[in-house]
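Hi everyone, thanks for making time for this one. Please have a look at the sequence and the structure first, and then I'll walk you through the packing.

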Amino acid sequence: MTYFTQENFTALLSAQSGNLGGEAGLQSTYNRLIELHQALYPRLRKHGFNLHTDALPQSRVLAESVSTLMSEETLTISYTRSLTQAQAVESMMGREDQIEPRRHPIIELRVTPYGLTVELIISPDAWCDQQNFVGKISIDQHRTAFSKLLAKLNGDYCFGFWGGTELSDMHLSTAKMPPARIVGDWLNTFAAGRDYLRVGHWYEPGDPALNAENIVSEVFNRVRDLYTLYDFIAWTSNNNFHHFYSKAVAAQA
C-alpha cells in the first residue's frame with residue numbers, strides 16, 4: 001500500500017472546490033506529511049545535512065509552494081538554511097522583516113492532486129543565491145563540477161527554469177543529458193532574479209516507490225541527492241561568488 005493514498009491526492013481538489021466532504025481527506029494528507037517529516041528530519045540531521053525548518057513559519061505544513069506566486073492545490077514541507085543564516089542573507093538583501101521562504105533555496109516535499117514531488121527550488125526572490133550560482137558557474141572548473149553533479153543523479157530527475165507546481169515540458173532530464181557544451185549554453189540562458197532554478201523528481205499517485213514501508217528511505221535518498229546541488233548553490237561566507245556575478249552578466253551582454 002502506498003503511503004499517500006488516492007484519497008489524499010484528490011482531497012486537495014475537494015478542498016479547492018469548497019467540498020466540505022474533502023476535509024477529512026485533507027486532514028489525513030496533512031497528518032501524513034507531518035509524520036513523514038517527523039521520521040525524515042532526524043535522519044537528515046544525523047547525516048549532517050545543513051537543512052533546517054526553524055527559519056520557516058511555525059506551521060510545518062503550508063498550503064503553498066515556493067515554485068509559484070499563484071494559489072495552488074498543494075500542501076508542502078520545506079527545508080532550508082537555519083534561522084541565523086537566513087537572517088544574515090536577508091540582511092544582505094536589505095531586509096530586516098520576517099523571514100520569507102521564497103528568498104532562500106528550498107528543498108520542498110510537495111503533495112498536489114497529481115502526486116508527490118521532491119524538489120530543490122531557488123525562486124527569483126532568492127536572488128542572492130541565484131546570483132551566487134551564476135557567478136560560480138562563470139568559472140570553468142565550477143561549471144564542470146555542476147555538470148558532473150547533475151550527471152551523477154539518477155536518470156529520473158528533471159532540471160529547468162520554469163515556474164509552477166507541475167512539471168513543464170521545458171526541462172532537461174538527467175536520463176538524456178546533452179553534451180556538456182550544450183548544457184553550458186543552456187545554463188547561459190538562466191537569468192538571476194527572473195527565472196526559477198529547480199531540479200527534482202515527480203511521483204505519480206500509486207507509484208510503488210511510495211510504499212508505506214519504504215517512503216522514508218525513498219524521500220531521504222532524494223533529499224540527499226538534491227542536497228549536493230543545494231550545497232553547491234547556496235550562498236555562505238565560504239561559498240561566496242558574488243564578485244564574479246557582475247563580470248558574468250557583463251560577459252553575456
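**Inside the model: cores, rings and one covered helix**

The protein chain has a mean pLDDT of 91, with 94% of its residues at 70 or more; pLDDT is the predictor's confidence in each residue, from 0 to 100. Where does the pLDDT drop below 50? That happens over residues 17–21, and beyond near neighbours in sequence this stretch has one contact in the model. By contact I mean heavy atoms within 4.5 Å.

Some housekeeping, briefly. This is a predicted model, in which local features need pLDDT of at least 70 and side-chain atom pairs count only at pLDDT 80 or more, while totals for chains, interfaces and linings use all residues. Residues are numbered from 1 along each chain as its sequence is written, and side-chain values use heavy atoms, with hydrogens and water left out.

Let's start with the core. A nonpolar core here is a set of buried Ala, Val, Leu, Ile, Met, Phe, Trp, Tyr and Cys residues joined through side-chain atoms within 4.5 Å. Buried means under 20% relative accessible area, exposed means over 50%, and partly exposed is in between, using a 1.4 Å probe and protein chains only. The largest nonpolar core has 57 residues, and F4, L120, F133, F146 and V223 have the most contacts inside it. Which helix gives the largest share of this core? Helix 7, residues 215–233, with eleven residues. Helices (H or I, at least four residues) and strands (E, at least two) are DSSP runs, numbered from the N terminus. There is also a second, separate core of five residues, including L56, I106, I121 and Y196.

Now to the beginning of the chain. Leaving aside neighbours within four places in sequence, F4 is in contact with F9, T29, R32, L33, L36, V111, L116 and I215. Beside F4 in sequence, Y3 is found in the segment before helix 1 (6–16). Y3 counts as buried, at 10% relative accessibility. With the same neighbours left aside, the contacts of Y3 include R32, L36, L210 and I215. Y3 and G206 are 203 residues apart in sequence, yet 9.0 Å apart in space, C-alpha to C-alpha.

On to the aromatics, and there are plenty to talk about. The structure holds 16 aromatic pairs. Rings of Phe, Tyr and Trp (its six-membered ring) pair if their centres lie within 6.5 Å; planes under 30 degrees apart count as stacked, over 60 as edge-to-face and the rest as tilted. Take Y41 and Y79: their ring centres are 5.8 Å apart and their planes are at 10 degrees, so this pair is stacked. Y41 lies in helix 2 (residues 23–46) and Y79 in strand 1 (residues 75–79), so the pair ties together parts that are 38 residues apart in sequence. Both Y41 and Y79 are buried.

For F133 and F146, the ring centres are 5.0 Å apart and the planes are at 65 degrees, so that pair is edge-to-face. F133 lies in helix 4 and F146 in helix 5, so the pair ties together parts 13 residues apart in sequence. F133 and F146 are buried too. Both belong to a cluster linked by ring pairs, together with F159, F161, W186, F190 and F232.

One member of that cluster, F161, has its place in the loop between strand 4 and strand 5 (171–173). F161 is buried, with a relative accessible area of 15%. Outside four places in sequence, F161 is in contact with residues including W186, L187, F190 and Y196.

Another member, F232, has company: the charged end of K136 sits over its ring, 3.9 Å from the centre. Likewise, the charged end of R43 sits over the ring of F220, 5.6 Å from its centre. The rule is that NZ of Lys or CZ of Arg is within 6 Å of the ring centre and within 35 degrees of the ring normal.

Finally, two helices. How many of the eleven residues of helix 4 are buried? Ten, so to speak a mostly covered helix, with F133 and K136 among the buried ones. In helix 6 (residues 180–187), V183, G184 and L187 are buried. They cover an arc of only 100 degrees around the axis, which puts them on the same side of helix 6; the arc is that of the directions from the helix axis to the C-beta atoms. The buried residues of helix 6 pack against helix 4 (127–137), helix 5 (140–152) and strand 4 (158–160).
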